[in-house]
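Work through the exercises below with the sequence and the structure at hand. Try each task before reading its solution.

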Amino acid sequence: HIPSLIQPTNYRKLVKRTLEEYGMYINNVIPDYLIEKYVLLSHKDAILKAHFPKDNKELSLALRTLKFEECLEYCLKNKIIRNQNKALVKNNEVEIDTDKINEFIKNLEYKLTKDQVQSIREIVTDMKNRSLMYRLLQGDVGTGKTLVAGIAMYANYLRKRQGVLMAPTDALARQHFDNISKLFKNYDINVSLLVGSMSTKEKNEVLEKIRNGEVDVIIGTHAVFSASSEYFSLGLAIIDEQHRFGVNQRNLLANKGEEVDLLLMSATPIPRTLSLSIYGDLDVSTLETFPNKRRDVKTLVLDYNSSRIEGMIDYCLSKEKQVFIVCPKIKSKGANNDSSVEEIVEKYSRKYAELISSLHGKMKNDEKVEILRKFKEKEIKILVATSIIELGIDIKSATGIIIYSANSFGLASLHQLRGRVGRDGESAYCILVDHFEEGEDDSRLKFLETCSDGFRIAEEDMRLRGPGDFMGIEQSGFPSFNCLNIVSDFKMFEVARNEVQFMMNNLDDKDIAHYYDKIMTITNNLDMQMKLFD
């Protein structure tokens, strides 16, 4: 990006002078045989022609070269990390009584989907193998990831090991704690909660029980991998909404035991072909089918002043249902049109004074917990919140959601927010609200009116926003790309993955070995800065 204080013409002069003076030091990035095989430019020429192309053909070739360099490096890094993961082994293969797992599943109140059964089979097989598990469980909102995680916890309990599930927020951790506790209510399995908002005394009591092996399953936020948390026999670590945690947090949690299987979960599904590129270092299990049926959430795009917004609220209240209202920020600032929690609470308090409340990240944890409790118990009918409710808040009687300044959210986030309603299986409503000028293109939001497929939405979001913005790649340990686009350049990933496999089989070649060693050094020295999102 061109620095704002440097004019484009001056910037071009600086680039040209730099290339003229230091061009002799620019070496090829990838092995020469690949440059020849795919008719690419040298690294130096690619940089030169990307900045100073004679025509579009020359620019296209330069970008094609730079993209392939990035793609090959990324795929090789993934392969190296995957091999390192597979090299981590347990002292012994562990037997898990699958008959007991089948009995556990048989006693559930509901029938598992074929995807859930397949995912459980893959996870348990990994847990029984000597290689440590490093698997991603991905699925759309409502496909039953938490239940799969719970059954994985039960399998881990059968091998007499502790399990921990880490969530990115206090509210989601507490919800998981409630759900997992109910799942194990008829079993002699001790479940404990460990979150930062607990008092020092409460935390110390739980930590002591964890150290002594008195707790079988621990549910919490980043407190579960703090320096003071020591596990008696940690065998399984599950991380929910994994893209919200940095690589360092994952490693810190997995390193709390000597032989810890790692299961990552994400409700932002990516088509399997894309997931092979993005998550090349992981095994992937995917949930596509729904336990009952796909939620029936009718979606409308409306202007800020539409009377249909208030009409939807009245309809939901008349049916003894509840409503979420989401805003991108807490307070209004400046002259932009983004709606705020404070503004919307004031707007609707005139009519719904006794029924409305707010929730946002600046509130104290005990306040947030109390607000959510009141909303769950229907003491509050309308909850105005920031996107803090995006992650897993499960209120069965919430039937309507209104999202203000909808264009400030990504499509995947809007779909996640939409997933907060209709969880009781009945028809629900989602209204996407923004200021629309006459003739303004609203096709981006209109896409959600007709599409409820999380995989298609995720792919469209990546196409529109780019993989870095969509995945939070910088926060997740994935590299950001300068030229490459994971969606539009997907075919290049397939080529690069094949070339990486060829490299791994021919490391005795001097040029290949030199490139491999360089990428290995980069991979082993990745910046592991901690980025906490609680």
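**Exercise 1.** Is phenylalanine 104 buried or exposed? Then find its ring partner and say which parts of the chain the pair ties together.

Solution. The model is a predicted one.

Step 1. Residues under 20% relative accessible area count as buried. Phenylalanine 104 has a relative accessible area of 2%, so phenylalanine 104 is buried.

Step 2. The whole structure holds 12 aromatic pairs. In one of them, phenylalanine 104 is stacked with tyrosine 154, at 4.4 Å centre to centre and with 20 degrees between the planes. Planes under 30 degrees apart count as stacked, so the angle of 20 degrees settles the label.

Step 3. Phenylalanine 104 belongs to helix H5 (residues 98-106) and tyrosine 154 to helix H7 (residues 145-158), so the pair ties together parts that are 50 residues apart in sequence.

Step 4. Tyrosine 154 has a relative accessible area of 6% and is therefore buried.

Step 5. Ring pairs also link Phe104 and Tyr154 with Tyr157, Phe184 and Tyr187 into a cluster.

**Exercise 2.** What kind of aromatic pair do phenylalanine 324 and phenylalanine 375 form? State where the two residues lie.

Solution.

Step 1. Phenylalanine 324 and phenylalanine 375 are 5.0 Å apart, centre to centre, with 50 degrees between the planes. An angle of 50 degrees is neither under 30 nor over 60, so the pair counts as tilted.

Step 2. Phenylalanine 324 is in strand E9 (residues 322-326), while phenylalanine 375 is in helix H14. The pair links distant parts of the chain, 51 residues apart.

Step 3. Both phenylalanine 324 and phenylalanine 375 are buried.

**Exercise 3.** In which sense do strands E10 and E11 pair? Describe the unit they make with helix H14.

Solution.

Step 1. Strand E10 covers residues 356-359 and strand E11 covers residues 382-385. They pair in the parallel sense, over four bridges.

Step 2. To place the strands against each other, look at serine 358, which stands opposite valine 384 in E11.

Step 3. Add helix H14 (residues 365-376): E10, H14 and E11 make a right-handed β-α-β unit.

**Exercise 4.** How many salt bridges are there? Examine three of them, and say how exposed their members are.

Solution.

Step 1. Side chains of opposite charge can pair when their charged atoms come close. With a limit of 4 Å between nitrogen and oxygen, the count comes to 22 salt bridges.

Step 2. Lysine 49 and glutamate 58 form one of them, and their closest N and O atoms are 3.4 Å apart. Lysine 49 is partly exposed, at 22% relative accessibility, whereas glutamate 58 is buried, at 17%.

Step 3. Aspartate 115 and lysine 114 meet in a salt bridge of 3.5 Å, N to O. Aspartate 115 is buried, with a relative accessible area of 12%, but lysine 114 is exposed, with 61%.

Step 4. Glutamate 449 and lysine 446 form a salt bridge whose closest N and O atoms are 3.5 Å apart. The two residues are three apart in helix H16 (residues 443-450), which means that about one helical turn separates them. Both positions are partly exposed: glutamate 449 at 28% and lysine 446 at 32%.

Step 5. Salt bridges can also be joined: Glu370, Arg373, Glu377 and Glu379 are linked in a network of them.

**Exercise 5.** Where do valine 39 and glutamate 320 lie? Give the sign of phi for each.

Solution.

Step 1. Valine 39 is in the loop between helix H2 (32-37) and helix H3 (43-51). Its phi is near 50 degrees, a positive value in a residue other than glycine.

Step 2. Valine 39 has a relative accessible area of 60%, so valine 39 is exposed.

Step 3. Glutamate 320 is in the loop between helix H12 (308-318) and E9. Here phi is near 60 degrees, again a positive value in a residue other than glycine. With a relative accessible area of 51%, glutamate 320 is exposed.

**Exercise 6.** Which residues form a nonpolar patch on the surface with about 410 Å² of accessible area together?

Solution.

Step 1. The patch consists of Tyr22, Met24 and Tyr25.

Step 2. Tyrosine 22 is in helix H1 (residues 8-22). Its relative accessibility is 47%, so tyrosine 22 counts as partly exposed.

Conventions. Residues are numbered from 1 along each chain as its sequence is written. This is a predicted model: local features need pLDDT of at least 70, side-chain atom pairs count only at pLDDT 80 or more; totals for chains, interfaces and linings use all residues. Side-chain values use heavy atoms; hydrogens and water are left out. Patches are made of residues with over 30% relative accessible area and no salt bridge: like charges are joined within 9 Å, nonpolar side chains (Val, Leu, Ile, Met, Phe, Trp, Tyr) within 5 Å. Accessible areas come from the Shrake-Rupley method with a 1.4 Å probe; for residues, only the protein chains shown count as cover. A salt bridge is a side-chain nitrogen of Lys or Arg within 4 Å of a carboxyl oxygen of Asp or Glu. Buried means under 20% relative accessible area, exposed over 50%, partly exposed in between (1.4 Å probe, protein chains only). Two strands pair if DSSP finds at least two bridges between them. A crossover is right-handed if, with the strands pointing away from the viewer, the path from the first strand over the helix to the second runs clockwise. Rings of Phe, Tyr and Trp (its six-membered ring) pair if their centres lie within 6.5 Å; planes under 30 degrees apart count as stacked, over 60 as edge-to-face and the rest as tilted.
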